[in-house]
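Biologist: Please take a close look at the aromatic rings in this model and describe how they are placed.

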Amino acid sequence: IPKFATFLEDQRSDAAKGSTTPDMMSCRDKLGLPLQHLPQWGTMLSQILQHSTPQTSNYESLSNCTTIIGKASDLIRLKLETSAANAKILSIQRRVESDAPLNLLDNNKRTLVREGQVAKAKEKKNAHLFLFNDLLLITEPGHSGSLKYLSRTEINQSTRLKDISKDKSKYIFSVSVGDSKGINIVLKTGPEKAAWMADIVTLIHLCQLKRVFGVSLRSVLDLEKREIPLIIEKGIEYVREHGMDVEGIFRIPGDTGSIQDIKSAFDNENGETIDLSKYSVHDVGGAVKLFFRELPNPLFPFAFFPKLLELHSGLESSHEEDMETFLDQLGKLIASLPEENRVLLRYLFNFLDDVSKLMEVNKMTPRNVAVVFAPNLIRPKEDTIETALLSPQVSKIVQVMIEHNAAGLWEAVDKYVANGEQFTGEKGCSTPKINLVSTDSKEIKRKKRDKIKGAIPIKKRSGKDSAHSPHPLKKQGSSSNGKLSANSLTSFTMDDMVAARSKQANGPLSARKASPRSPH
């Protein structure tokens, strides 16, 4: 509170001196600053939780807070990375003039790999190439630094690359898709040609892989002719043999490079021969989690997310006294899953149950295991701050599944599979809404304000200042008396935070002149 009071006083002081233009954007920028501290808060809370026991006062609240901050931190990081990548692609799109609309943001996974000038075959003019992970965009210099669109070639498993240099002094290669006519690209030096060709070959190779990660579960099983994906079976058996007594198994992250090596081996059909003993159990555990996380549709498909939360809501309202009904309905829901999902789910939870039984040694209680695996198994189609706040509920569902894995859950599943019954839930079931705005009555709000009234050292402005100086926060979203309205506060969304954080990265706030927020 004192820091916020100081911030308000500085705003008023700057406005009185005429050094800044007070508006909501400057306020938004400053309120966005704590975003960079979320990872540190998450680490701190994780360490406190690690040294606490379930008997500790407020242990459950601490665990839930740690889960939410971790999920929100990951979400914000992903949003910032996506925002930065999209900004780069959008800047390219603005530079390129085209008769037809050029939409480079139609693929949300598109990234820029390489760009540069090349010579146009049989012409003296240069061309400017942009190589993305899924297409090659060819342009030529236009007027006033702009670029003129010429053509685009998709990069996929049908793309062909051919070196057509006729002598050592020419550096030419051709790119084509299927049987279509190739596009000749002329480079000025040999190293340039080698670099461009190497990047394109790598992209084509990635498209041609018989991939295991990042594709549907059905595709993996059809490819491998198995009931359980090889990466899961080998990974779990390796952890069973070498990591069941390792403290923090699955919670402690593995080496990123090693996890990518394991992933590449299975994607390149070397899973049968890979020697997992070269890696730590944390690396192997990380690869297992990565497989589930990269499934395009999770083990509990997106459509089941609101249904699971509906079930949890019923359990919570009964204060967990009606566990038998919850397990019966959960079993009915699991019976509604595709068969391949159901088989893998049972295989996985039998293993997670065994991991948690050794919690005295590995410190992985059912709650700890659930916190680690829940986001990879149950997730919404689109992550938001609102769904991040639901992380404790999602973790609780997985925790209950682990705790009751051998106590009636799968019997209920088998019963409903045999009867052909499926879970339907309530009609129009949707994700529960989290109210981020206080619902206190006016009287309670007044008492809270009175309680902290003397804690905010805001100096009163003189009559002269009050008469002639604009109120620093009296802009759009403010009420007539200059106070922030509820609408202005609730409209501060994830996109606003991402924008504020991105703007902050461009330089100190004091070095930028505040500008009013652009209307949408």
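Modeller: What follows goes through the aromatic cluster and the core around it. This is a predicted model, in which local features need pLDDT of at least 70, side-chain atom pairs count only at pLDDT 80 or more, and totals for chains, interfaces and linings use all residues. Residues are numbered from 1 along each chain as its sequence is written, and side-chain values use heavy atoms, with hydrogens and water left out.

Rings of Phe, Tyr and Trp (its six-membered ring) pair if their centres lie within 6.5 Å; planes under 30 degrees apart count as stacked, over 60 as edge-to-face and the rest as tilted. The count comes to four aromatic pairs. One of them joins Phe213 and Phe291, edge-to-face, at 5.9 Å centre to centre with 80° between the planes. Phe213 lies in the loop between helix 5 (190-208) and helix 6 (217-224), and Phe291 in helix 9 (residues 281-293), so this pair ties together parts 78 residues apart in sequence. Helices here are DSSP runs (H or I, at least four residues), numbered from the N terminus. Phe291 and Phe292 also pair edge-to-face, because their ring centres are 5.7 Å apart and their planes at 80°. Phe213, Phe291 and Phe292 thus form one aromatic cluster.

Buried means under 20% relative accessible area, exposed over 50%, partly exposed in between (1.4 Å probe, protein chains only). Phe213 is buried at 0%, Phe291 is buried at 0%, and Phe292 is buried at 0%. Phe292 touches residues including Ile232, Leu299 and Arg379, not counting residues up to four places away in sequence; contact means heavy atoms within 4.5 Å.

Methods:
Helices (H or I, at least four residues) and strands (E, at least two) are DSSP runs, numbered from the N terminus.
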